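Thank you all for coming. I would like to walk through one structure this morning, and I suggest that you keep the view open while I talk.

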Amino acid sequence: MWRIAGGSGDGIDTTSQNFATALMRSGLHVFTHRHYPSRIRGGHTYVEVRASGDPVRSRGDGFNFLLALGDSFARNPQEGSIYGDEELKPLTENLADLNEGGVIVYDSGFIEEEQIEAIGLEERAAEEGWHLYPMDLRAIAREHGRDVMRNTAGVGATAALVGKDVSYFEDLIEERMSGEMLEQNLAVLDDAYEAAREFEFTHDLRIPAGSHDEEQALVTGSDAIAYAALDAGCRFISGYPMTPWTDVYTIMSQHLPAFGGVSEQVEDEIAAAAMAMGASHAGVKAMSGSSGGGFALMSEPLGLAEMTETPVVLVEAMRAGPSTGMPTKNEQADLEHVLYTSQGDSTRFVLAPGNQAECYDQTRTVFEIAYDYQLPGILVYDQKLEGELRTLPVSFFDREPATDLGSTLTEAEIAEAAHDESGKFERFRPDAEGGVSPRSIPGQEGGRFLATGNEHAPTGHITEDPELRTKNVDRRRRKLDVIREELAGREESHQTYHGPADARYGLVTWGSQQDTVFEATDRLVERGTSVRAIGVSQLMPFPAGEVTDFLESVDEALVVEMNASGQFRGLTQRELGRFGPKLSSLLKYDGEPFEPGEIVEGFESTIDGGEPAAANVKYVPAAGD
């Protein structure tokens, strides 16, 4: 596990992506995790790259190689400032996570010897068994180009110290640069590589070997959502920038023109959701989205979509709240917000994918269900899944597009459909099969109707008739039961299972923590613990049958999620109240996702009624305990 740390603006993200890509091309499976502040420039940022010859599904426990560049855009380097010595934070704030026996390369051309002495790095390294390799990376960068190229120098040094062929990195530079910039970066890379080889190595850390059976791609959750939306026939997106939703919006905006689609950046999130609804009403598959407070602004058009039965897909990318909270940190605390935002009783379809592959599959499902059943479809994910890179076979995305508009009538079908005496199309039939009354598209002959946010008669005219109101509410809510039945009958479930089927204990999670929980499950099984896990993606309608079967199969279950209030556990107890005494919670809400070891330790310490040792993890016992 390699971690590169510096300041925002020092090229940490780009350098880590190049490093990860080079490892992937050399035959390894790769998984990345990034941490960055909500500042344009400056502020401690890092990216971890975990690589193995076997598939990697999660970040690991700590890391074992630190490339510390220092923060060249530090807000204030003075030790007594309110923010501390920011120049040093890429070194000092990563030491707590560095595993025993780890390697540290720091830029001695930027981080001065006096600073190293002040923090007692050499003494601490001796205690922890760390191996220090100070290198003047800035001098190497300046010799051939500019200071910013010291990240390239750091990659060259890393390659030498872990025995990696530098040619993989040279190939990437040649692909992505040209002219003087290309020549300078190649010279910096090679000089740093040769300089690092001059060290007398005191460590035995080496990059593993591996090979791929087929071509791989490095994909984030945002990439997968955007690619799936395009494959699902989405040709309109509207939005307003807000971290971490912005990635999906940006990727879609870059690619939509090639498909004849349209992207609109608007003045706020109310306009964004309303514009996507308008595009969908006009006959185009459309989506919008936001994060936290931005999604809150969408509550009014979301309710309008439910009442007018206008299909639309919304993405809610969670981050730490409430309010602005921590804009660039991880949390899963918007679950209740997503399920119940808006007015009255919710009739929406909600999925929360657990990894990049599920982001692709479930985005396509959200579009399918939204347009077949004429309701809003919401995809909820988070800061963690948004930015993590993971290797997936290129062939995974080799799917047929699905551009069908769902339950939409042709003009010939409209002519045979029910109309009232005024000639208006009866768009909202209270007796519609499965709750879905097929729609017309504006401009179709004979398809004229009214679309209003008020309760309405079959043609869309406003009504307050108690009997019709009851029938309409029941019909709209009946869609959820039919969706639940349809999905339960499909060969592939949106719930993912891991571990032995006859296990005594259960781990339950949802969304982005899924694969970390699965890795923890493997470790527990290897230790002889009888445990299995379920990752639940289908949030509304709740998959009561599948979750019931899982909970009935175990004696106790620990629900793992990133929020302070146990929101998914609360949802499960609301839907399946009799399992309350079986469900306890393991919670984390400090802005960082779980590591597998935290879940292992949390499970082992709490299953017998104890408390987790880690101060940043909270245990909540089962109801009645």
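Which residues of H22 are buried? Please bear in mind that what we are looking at is a predicted model, and then look at Pro-596, Glu-598, Ile-599, Val-600, Gly-602, Phe-603, Ser-605 and Thr-606, which are the buried ones in H22. Helix H22 spans residues 596–606, and with eight of its 11 residues buried it is mostly covered. As for what does the covering, the elements over those buried residues include E16, helix H19 (514–526), E17, E19, E20 and strand E21 (618–620).

Some of those names come back when we turn to helix H20, residues 544–552, where Val-547, Thr-548, Phe-550 and Leu-551 are buried. If you look down the axis of H20, these buried residues fall within an arc of 165°, so they line one face of the helix. They pack against strand E15 (495–498), strand E16 (505–510), strand E17 (531–536), strand E19 (556–561), helix H21 (567–575) and strand E20 (583–587).

Let me move to another helix, H9, which covers residues 221–231 and has 10 of its 11 residues buried, so it is largely enclosed by the rest of the structure. The buried residues there are Gly-221, Ser-222, Asp-223, Ala-224, Ile-225, Ala-226, Ala-228, Ala-229, Leu-230 and Asp-231. Just after H9 comes Gly-233, which takes a positive phi of about 95°.

Now to the strands, beginning at the start of the chain. In strand E1, residues 2–7, six of the six residues are buried, so this strand too is largely enclosed by the rest of the structure. E1 has a partner in strand E4 (residues 63–68), with which it pairs in the parallel sense over four bridges, and it is also joined by six bridges to strand E3 (residues 44–52), this time running antiparallel. A convenient residue to click on is Trp-2, which stands opposite Phe-65 in E4 and opposite Val-49 in E3.

Elsewhere there is an open sheet of seven strands with mixed pairing, and its order reads E9-E8-E10-E11-E13-E12-E18. Its edge strands are strand E9 (262–265) and strand E18 (538–540), each of which pairs on one side only. From one strand to the next the twist averages 20°. At the E9 end, strand E8 (residues 236–239) pairs with E9 in the parallel sense over four bridges, and within that pairing Ile-237 stands opposite Ser-263 in E9.

Someone may well ask about the cysteines: how many disulfides does the count come to? The count comes to zero disulfides, and the distances help to explain that. The sulfur of Cys-234 has its closest cysteine sulfur in Cys-359, and at 16 Å the separation is too far for a bond. Looking from the other side, the sulfur of Cys-359 finds its closest cysteine sulfur in Cys-234, again at 16 Å and too far for a bond. Cys-234 is buried, with a relative accessible area of 0%, and Cys-359 is likewise buried, with a relative accessible area of 0%.

My last topic is the aromatic residues, for which a search of the whole structure finds 14 aromatic pairs. One of them is formed by Tyr-133 and Phe-199, which meet edge-to-face, at 5.1 Å centre to centre and with 70° between the planes. Tyr-133 lies in strand E6 (residues 131–135), while Phe-199 sits in the loop between helix H8 (179–197) and strand E7 (216–219), so the pair ties together parts that are 66 residues apart in sequence. Tyr-133 counts as buried, at 2% relative accessibility, whereas Phe-199, at 27% relative accessibility, counts as partly exposed.

Tyr-133 also forms an edge-to-face aromatic pair with Phe-201, at 6.4 Å centre to centre and with 75° between the planes. This pair again links distant parts of the chain, since Tyr-133 is in strand E6 and Phe-201 is in the loop between H8 and E7, 68 residues apart. Phe-201 is partly exposed, with a relative accessible area of 29%.

Before we open the discussion, please find one more group in the view, in which Tyr-227, Tyr-360, Phe-396 and Phe-397 form one aromatic cluster.

Notes
Residues numbered from 1 in each chain as written. Predicted model: local features only at pLDDT ≥ 70, side-chain atom pairs only at ≥ 80, totals over all residues. Heavy atoms only, no water. Buried < 20%, exposed > 50% of the residue type's maximum accessible area, 1.4 Å probe, protein only. Helix = DSSP H or I, 4+ residues; strand = E, 2+ residues; numbered from the N terminus. Arc of directions from axis to C-beta. Contact = heavy atoms within 4.5 Å. Pairing = 2+ DSSP bridges. Axes fitted to C-alpha atoms, helices over the stretch in contact; angles between N-to-C directions. Disulfide = S-S within 2.5 Å. Phe/Tyr/Trp six-rings, centres within 6.5 Å; stacked < 30°, edge-to-face > 60°.
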